[in-house]
Every structure is written in structure tokens, then in C-alpha cells.
Amino acid sequence: MEEFGDKAGPDLARAVLDAALARRRDAAARKPRRRTGGGGERRLRGYSGPGPDPRDPQLFGAVLDRLMKARGWEKPKAEATVFGSWEKVVGPDIAAHSRPIKLESGVLTVEAESTAWATQLRLLAGTLLQKIAAEVGHNVVTRLNIHGPAAPSWSRGPRRVQGRGPRDTYG
């Protein structure tokens with residue numbers, strides 16, 4: 001306390017405060033100042049200012065895209081797009097006569113409304129794979145399994161009767 005002399009009370013408090021402020025100014029003068037503009041770190045206190053800032057309102061689609069990438073949901077999203085946007089993926093004519101059933105290990109099972117459409121879709125399988133790859137990405141669908149409409153089965157069920165089956169009733 002020798003540097004403050006014989007001060008007491010409020011004068012001593014003022015002298016201690018002045019000395020602390022002087023030390024702070026000296027330390028600040030010796031340390032180089034960081035530039036806040038341009039790149040690098042940004043202060044995230046207060047208002048964001050005139051430039052772009054991570055706290056600014058974001059488009060919902062952009063936020064969802066970042067979330068999908070961060071969580072690794074791109075492939076499930078692409079698989080869901082095949083089912084949700086079937087008409088957009090393959091076109092309205094094909095979508096009117098077919099529908100996707102399941103997608104397992106890159107094999108898409110498609111059911112056509114008739115056997116004729118199933119044959120036509122088998123002929124167009126290469127084109128359909130290209131359209132699907134262009135819309136949802138490569139290696140989501142690697143192969144198509146196309147079949148016609150499901151025929152009724154009389155081989156199982158609660159009311160199954162042993163015998164010749166449908167030949168008994170259909171002429």
C-alpha cells in the first residue's frame with residue numbers, strides 16, 4: 001500500500017481504481033487487436049449487423065437439407081422419393097399403369113396393372129432406371145423387378161377346401 005501514500009477512505013478507493021484502469025490500458029496497448037471484419041471468428045453477441053450471420057432466419061428447406069446430411073438420411077430420403085413422387089420420377093403415363101411396391105437392397109419391385117403393361121415395363125427397364133437415377137440419385141435403385149397384377153390364390157386361407165381348386169367352379 002506504499003504506492004498510495006497515506007490516503008484513506010474514498011481517496012484510497014479512487015487511487016486503487018485509477019491504478020487498475022491504468023494497468024488495463026497498458027495491457028491492452030501491448031496486445032495486438034483482432035480484426036472483426038472479413039473472415040475468421042465472429043462475435044455472436046447482440047444484433048447480427050448488416051452482413052450475413054448464422055443467427056439470421058434461414059429457409060426451411062436449407063435447414064432440412066443440412067439436417068439430412070448431418071444425420072445421414074440422404075439414402076432413406078431418396079428411397080422415400082421413389083414412392084412419394086412416383087409420377088414425377090417415371091412420368092404420368094407409366095405411373096397411371098404401375099405402382100412401386102417395395103425397395104430392398106436396391107431392387108425396386110413394381111406392380112403393373114396388367115400383364116401387357118408388365119411386359120412393356122420390362123422392355124423399358126433400362127430407361128426407367130435412368131429416369132429414377134436422374135431424379136433420386138445413383139445406386140438408390142440398381143434393379144427393377146416388374147410383375148403383373150396379383151392373381152387370387154386359393155391355396156391358403158381360412159375357407160380352403162381340399163380338391164381341385166378353381167377348375168371346379170370355372171367351366
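A polar contact is a pair of N or O atoms within 3.5 Å; inside a protein, one atom must be able to donate a hydrogen and the other to accept it. With that in hand, a good place to enter this predicted model is S98, whose side chain reaches the backbone oxygen of I94 at 2.8 Å. S98 belongs to strand 1. Its relative accessibility is 7%, below the 20% limit, and S98 therefore counts as buried. Beyond the neighbours within four places in sequence, S98 is in contact with W86, V110, E111, A112 and L121. Several of these names return below.

A step back gives the overall plan. The chain has 171 residues, and buried residues make up 20% of them. Its secondary structure comes to 7 helices and 3 strands, arranged along the sequence in the pattern α-α-α-α-α-β-β-α-α-β. Among contacts with a separation of 6 or more, 47% join residues that are 24 or more positions apart. The chain exposes about 13900 Å², and carbon and sulfur atoms supply 53% of that area.

One of the helices, helix 2, covers residues 60-71 and has 12 residues. From its first C-alpha to its last, helix 2 reaches 16 Å, close to the 16 Å expected at 1.5 Å a residue. Just after helix 2 comes G72, with a positive phi near 75°.

The strands come next, beginning with strand 2, which spans residues 107-112. Strand 2 is mostly covered, with 6 of its 6 residues buried. V107, T109 and E111 point one way from the strand, while L108, V110 and A112 point the other way, and all are buried. T109 shows this clearly: its relative accessible area is 8%, which is under 20%, so T109 is buried. Apart from neighbours within four places in sequence, T109 is in contact with R99, P100, I101, K102, N145 and H147.

Strand 2 pairs with both of the other strands, in opposite senses. With strand 1 the pairing is antiparallel and runs over 6 bridges; here L103 stands opposite L108 of strand 2. With strand 3 the pairing is parallel and runs over 5 bridges. In that second pairing, V107 stands opposite R143 of strand 3, and V110 has I146 as its bridge partner.

Strand 1 and strand 2 form a hairpin with 2 residues between them. In this turn sits S105, which has a positive phi of about 55° although it is not a glycine. S105 lies in the loop between strand 1 (98-104) and strand 2, and its relative accessible area of 78% is over 50%, so S105 is exposed. A second loop offers a similar case. N139 is found between helix 7 (125-136) and strand 3 (143-147), and its phi is near 65°, a positive value in a residue other than glycine. With a relative accessible area of 60%, again over the 50% limit, N139 is therefore exposed.

What happens to the side chains along strand 3? They alternate. L144 and I146 point to one face and are buried, whereas R143, N145 and H147 point to the other face and are not buried.

Finally, there is the nonpolar interior. In soluble globular proteins, nonpolar side chains tend to be buried together. In this model, the largest nonpolar core has 21 residues, and W86, V90, L108, I132, V141 and L144 touch the most other members. Helix 3 (74-84), helix 4 (86-90), helix 5 (92-97), strand 2, helix 6 (115-123), helix 7 and strand 3 each supply at least two residues of this core. The largest share, 4 residues, comes from helix 7. I132 gives a view of the surroundings from one of these core members: leaving aside its neighbours within four places in sequence, I132 is in contact with V82, W86, V89, V90, L108, G137, V141 and L144.

Note on methods
Residues numbered from 1 in each chain as written. Predicted model: local features only at pLDDT ≥ 70, side-chain atom pairs only at ≥ 80, totals over all residues. Heavy atoms only, no water. Expected span 1.5 Å × (residues − 1). Buried < 20%, exposed > 50% of the residue type's maximum accessible area, 1.4 Å probe, protein only. Contact = heavy atoms within 4.5 Å. Areas by Shrake-Rupley, 256 points an atom, 1.4 Å probe, with all protein chains shown as cover. Pairing = 2+ DSSP bridges. Core = buried A, V, L, I, M, F, W, Y, C linked by side-chain atoms within 4.5 Å.
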